[in-house]
Amino acid sequence: MKAKILLIEGKRADHPTFSLGLRRKGFDVESIPTGNAAMSCIDSVDPDLVVIDAASLRTSGKRICQTLREKVNTLPIILVVDGNHVVDGTSGANVVLTLPFTVQKLVNRIRPFLPADEKNVLHVGPIQLDLEQRRVRSLGKQSRLTPRLVSLLKILMEHAGIVVERSELFKRVWDTEYTADTRTLDVHISWLREAIEVDPRQPHFLKTIRGVGYRLDA
């Protein structure tokens, strides 16, 4: 599966496009001409990363970046500016690149935010778990997980649609036969919901099956 990039890029005859170069490097690129259009499609596109070519829009890109950050807080954002705009640390971007630079330099800054190897990535519905980088992506959100949360989500994803008993989860994730107090499990489940759900208080994916355990419906 190709990594998906949402590219916010204006159409200027005097400005080179990154779209073609990124596609040649093997990325799935969705090119959008404005920040407003990006906000409208961010959920349906569900990108791995956003590139804002503010130089092509003749802006600093700061407002677009901050608006995106408010909507999808953990989504990686790379902001491209020209030398006329100074962008400080309040932009909300993970990386700021100042033109000129090559497509390869852009790719080099993109790759650390993407799954390292598809064989180490689990997919269930919109949920993607990178076992190597310990990152989960769901509906435009990306979160870094602790090793224990990775183990817990991995088990639930491998048994998607099946109820996994609380005692079984506790034994496998905490590697212990003592399962009388599973409150710690409940806390970890709530943390997972924060990472993968739109509304953790009304979970759509990670369901509690009362008196039994949990089931991942994705």
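What follows is a chat between a visitor and a guide about this predicted model.

Visitor: Let's start with the sheet of 5 strands; what is the strand order there?
Guide: In this predicted model, the 5 strands form an open sheet in the order β2-β1-β3-β4-β5, and the pairing is parallel. The edge strands are β2, covering 28-32, and β5, covering 95-98, and each of them pairs on one side only. On average, neighbouring strands of this sheet are turned by 20° against each other, with direction ignored.

Visitor: And how many bridges join β4 to β5?
Guide: There are 4 bridges between β5 and strand β4, which spans residues 77-81, and these two strands run parallel. As one example of who faces whom, V81 stands opposite T98 in β5.

Visitor: Which strands does helix α4 touch?
Guide: Helix α4, made of residues 62-71, packs on the sheet and touches β1 (4-9), β3 (49-53) and β4, with its direction at about 160° to that of β3. Helix α5, residues 103-110, also packs on the sheet, where it touches β1, β3, β4 and β5, and its direction makes about 170° with that of β5.

Visitor: Okay, now α2: which of its residues are buried?
Guide: In helix α2, which covers residues 35-45, the buried residues are G35, A38, C41, I42 and V45. They cover an arc of only 145° around the axis, so they are on the same side of α2. The face turned away from that buried side carries N36, S40 and S44, which are exposed.

Visitor: What do the buried ones pack against?
Guide: The buried residues of α2 pack against β1, β2, β3 and α4.

Visitor: What comes right after α2?
Guide: The helix α2 is followed by D46, which has a positive phi near 50°. D46 has this positive phi although it is not a glycine, and it is found in the loop between α2 and β3. That deserves a remark, because most residues other than glycine have a negative phi.

Visitor: Is D46 buried or exposed?
Guide: D46 counts as buried, because its relative accessibility is 15% and the cut-off for buried is under 20%. R58 is another residue that has a positive phi without being a glycine, in its case about 60°, and its place is in the loop between α3 (54-57) and α4. R58, however, is exposed, with a relative accessible area of 58%.

Visitor: Where is the cis peptide bond?
Guide: A cis peptide bond joins L99 and P100, with omega at about 5°. P100 has its place in the loop between β5 and α5.

Visitor: Changing topic, what is the order in the sheet with 3 strands?
Guide: That open sheet has the order β10-β12-β11, and its pairing is antiparallel. β10 (164-165) and β11 (206-209) stand at the edges with a single partner strand each, so one side of each is left without a neighbour in the sheet. β10 pairs with strand β12, residues 213-216, over 2 bridges in the antiparallel sense, and the bridge partner of V164 in β12 is Y214.

Visitor: Which strands does α6 lie across?
Guide: Helix α6, residues 147-158, lies across β10, β11 and β12 and runs at about 65° to β12. Helix α8, residues 183-196, lies across β11 and β12 and runs at about 150° to β11.

Visitor: Which residues touch the most others in the largest nonpolar core?
Guide: That core has 26 residues, and L145, L156 and L216 touch the most other members. At least two residues each come from β7 (127-130), α6, α7 (166-174), α8 and β12, and α6 gives the largest share, with 7 residues.

Visitor: What does L156 touch?
Guide: Not counting residues up to four places away in sequence, L156 touches V164, L169, I189, L192, L206, Y214 and L216. There is also a second, separate core of 19 residues, which includes V29, V51, I110 and F113.

Visitor: Last one: what is V124 in contact with?
Guide: V124 lies in strand β6, residues 121-124, and, leaving aside its neighbours within four places in sequence, V124 is in contact with M157, A160, L216 and A218. V124 counts as buried at 13% relative accessibility. V124 and N84 are 40 residues apart in sequence and 44 Å apart in space, C-alpha to C-alpha.

How values were computed
Residues numbered from 1 in each chain as written. Predicted model: local features only at pLDDT ≥ 70, side-chain atom pairs only at ≥ 80, totals over all residues. Heavy atoms only, no water. Pairing = 2+ DSSP bridges. Axes fitted to C-alpha atoms, helices over the stretch in contact; angles between N-to-C directions. Contact = heavy atoms within 4.5 Å. Buried < 20%, exposed > 50% of the residue type's maximum accessible area, 1.4 Å probe, protein only. Arc of directions from axis to C-beta. Core = buried A, V, L, I, M, F, W, Y, C linked by side-chain atoms within 4.5 Å.
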